[in-house]
Amino acid sequence: MTVEKTNLSPFITFKVNEQSFLFDGGNGIISKVDSIIVDILELARTYDLYSQSEEIVEILSSQYSEGELQNAIEAIKTSREEGFLNSSGKVYDFFEKEYSDSSFKGNLWLNVTDSCNLNCRYCFEKEGGKVQKENNMSIEVAKNCIDYWYAHINKEQNIYDIVFFGGEPLLNKEVIIFAINYINSLLKDLKGIPRYNITTNGTILDDELINLFSSNTFFVNVSIDGLRAIHDKNRPYSSGASTYDRVVSNLKKLNGAVTKLSAFICLTKYDIPYFKQSVFWLWNMGIKNVYGNLVFGKDQIYGYEEYREYENQLKDLAEITYNNIIDGKPYVYNSFIENIKSLHKKNFTSNCYLWQNGIFIFSPNGNAYKCYRFLGDERYKMGNINDADLDILSKKIKKEKIEKCTDCWFQLFCGDGCPYEHDVYTGDINKPAELLCVKSKIAFQESLKLYARLQMEAPHRLKAVLGGKI
Ligand code: SF4
Ligand code: SF4
């Protein structure tokens, strides 16, 4: 007998408080289902639901009656005729639309410096050796980049995201202040507003910067690794001295002074057991929005034990995030909240800029790229701001289909992963590394469970989360 699997959408099943759920990864839909449906679908991964239903019934006959099984199989078939569990690769519709759309989404990313005053042990800029140091962006280059960006924006847009990045961007405070004043003056007669974003190591701050941040719409993301001992081990000054007290003091000054403050934890394999303690520590400091992610590198390859520990930490964080949401407390692990919002809105768009005309990214010397992590990599350079014929919008990169991703339940929200990371770990932007896939799926799966639990047990609190009231 040949065993064939049914051609279903990629899916997963999971339980929340004894209730079974099904996530149809081809359509991005979560449904509450009976355990009989889960048992049949798990077998349908191996047996064909249509030509081998008798085998499925026989295997499950000690758990359910034949009538129950036949009815459940028919129910699944009917749902499939209506489109459920009957799709894969929808994400490529989005990539195709992006590829054929020549309009610009209007965002600007200035890498105002590639210098840094810290010596973080996992810094991606130090790894790979691809990055050529250019140091600080000049005011002249910044002005030319902003003029180029302004000439291309849709003047009817509501929000323009402007990102300052580095190195440590605040080492080039002069250009940041210039850029903000100049952009504000260019946009003053348009209906759209600039929304400034900066990712900083939190060691550089003064009253002038606080005033600048608080008088504009500013999202400030500070990198801090949580507990003092972990932070100091990972994120010392170049001299080796501790940065912790300075970063904490600056975080406290920023809290409440900016539109949105978030703290980002870079989690190394050695610090996984302390992850939730680091998040609690930051919450106790009054920082409501805490994010985190595992870092990868030559000495950061993860095995089964580490992933299991990471999963356990996330489970505990999901539990406390749930309780805080129920109690109306604003302390949440933000990576879950963002996933929940995407799940609810069925926001299948990919965050990867490489395939889109979403943003102009400029290096300190005015070299143009589609992704900040490919800075210095000639393959992805789109030209330079001083080129008379610079035309970033015409330089599109075609997204290839990836079979492994099309068979993956996470594809609609993962968007085939990060091409830069694929390149680093497999040497091919279209070949995902399994160890990165496992990491991404663990965090998303906990978000799925939290979303299902809120839907089932506290829909009014879920509404508050979706409305940004938590
Ligand atoms: S390649 Fe990766 S880092 Fe670069 S824009 Fe895409 S997702 Fe982001
Ligand atoms: S990159 Fe990995 S996790 Fe993401 S869709 Fe592809 S296979 Fe799935």
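Between domain 1 and domain 2 of this predicted model, two residue pairs are in polar contact, both at pLDDT 80 or more. Let us look at how that meeting place is built, and then visit the two ligands.

**Where the domains meet**

The side of domain 1 that touches domain 2 draws two or more residues from each of three strands: β1 (11–16), β2 (19–24) and β3 (29–33). Strand β1 gives the largest share, four residues. Sorted by class, this side of domain 1 has nine nonpolar residues, seven polar ones and one charged residue.

What about salt bridges here? Side chains of opposite charge can pair when their charged atoms come close. Across the interface of domain 1 and domain 2, however, zero salt bridges are found.

Now step back to the whole chain. It is divided into domain 1, residues 1–87, and domain 2, residues 89–470. The contact between them takes 17 residues from domain 1 and 18 residues from domain 2. If you compare the C-alpha centres of the two domains, you will find them 38 Å apart.

How much area is buried between domain 1 and domain 2? The figure is about 1500 Å², and carbon and sulfur atoms give 71% of it. Three residues are worth finding on your screen: Ile12, Phe23 and Ile30 supply 29% of the area that domain 1 buries against domain 2, more than any other three residues.

**A salt bridge inside a helix**

Searching the whole structure gives 26 salt bridges. One of them joins Lys77 to Glu74, with the closest N and O atoms 3.7 Å apart. Both Lys77 and Glu74 sit in helix α3 (residues 66–81), where they are three residues apart, about one turn of the helix.

**Around the two ligands**

Which residues surround ligand 1? They are Cys352, Tyr353, Cys371, Arg373, Cys418, Pro419 and Tyr420. The shell of ligand 2 consists of Lys404, Cys405, Cys408, Phe410, Gln411, Cys414, Asp416, Gly417, Pro432 and Cys437. Two helices, α13 (403–406) and α14 (411–414), each give two or more residues to this shell around ligand 2.

Here are the two shells by residue class:

| Shell | Nonpolar | Polar | Charged |
|---|---|---|---|
| Ligand 1 | six residues | no residues | one residue |
| Ligand 2 | six residues | two residues | two residues |

To find these classes in the model, try Arg373 as the charged residue beside ligand 1, and Lys404 and Asp416 as the charged pair of residues in the shell around ligand 2.

How values were computed:
Residues are numbered from 1 along each chain as its sequence is written. Chains are lettered from A and ligands numbered from 1 in the order in which they are written. This is a predicted model: local features need pLDDT of at least 70, side-chain atom pairs count only at pLDDT 80 or more; totals for chains, interfaces and linings use all residues. Side-chain values use heavy atoms; hydrogens and water are left out. Domain bounds come from an automatic or database domain assignment. Contact means heavy atoms within 4.5 Å. Buried area is the accessible area (1.4 Å probe) that two parts lose on being put together, summed over both. A salt bridge is a side-chain nitrogen of Lys or Arg within 4 Å of a carboxyl oxygen of Asp or Glu. A polar contact is a pair of N or O atoms within 3.5 Å; within protein, one must be able to donate a hydrogen and the other to accept it, and residues adjacent in sequence count only if both atoms are side-chain atoms. Ala, Val, Leu, Ile, Met, Phe, Trp, Tyr, Cys and Pro count as nonpolar, Asp, Glu, Lys and Arg as charged, and the others, Gly among them, as polar. A residue is near a molecule or strand if one of its heavy atoms lies within 4 Å of it.
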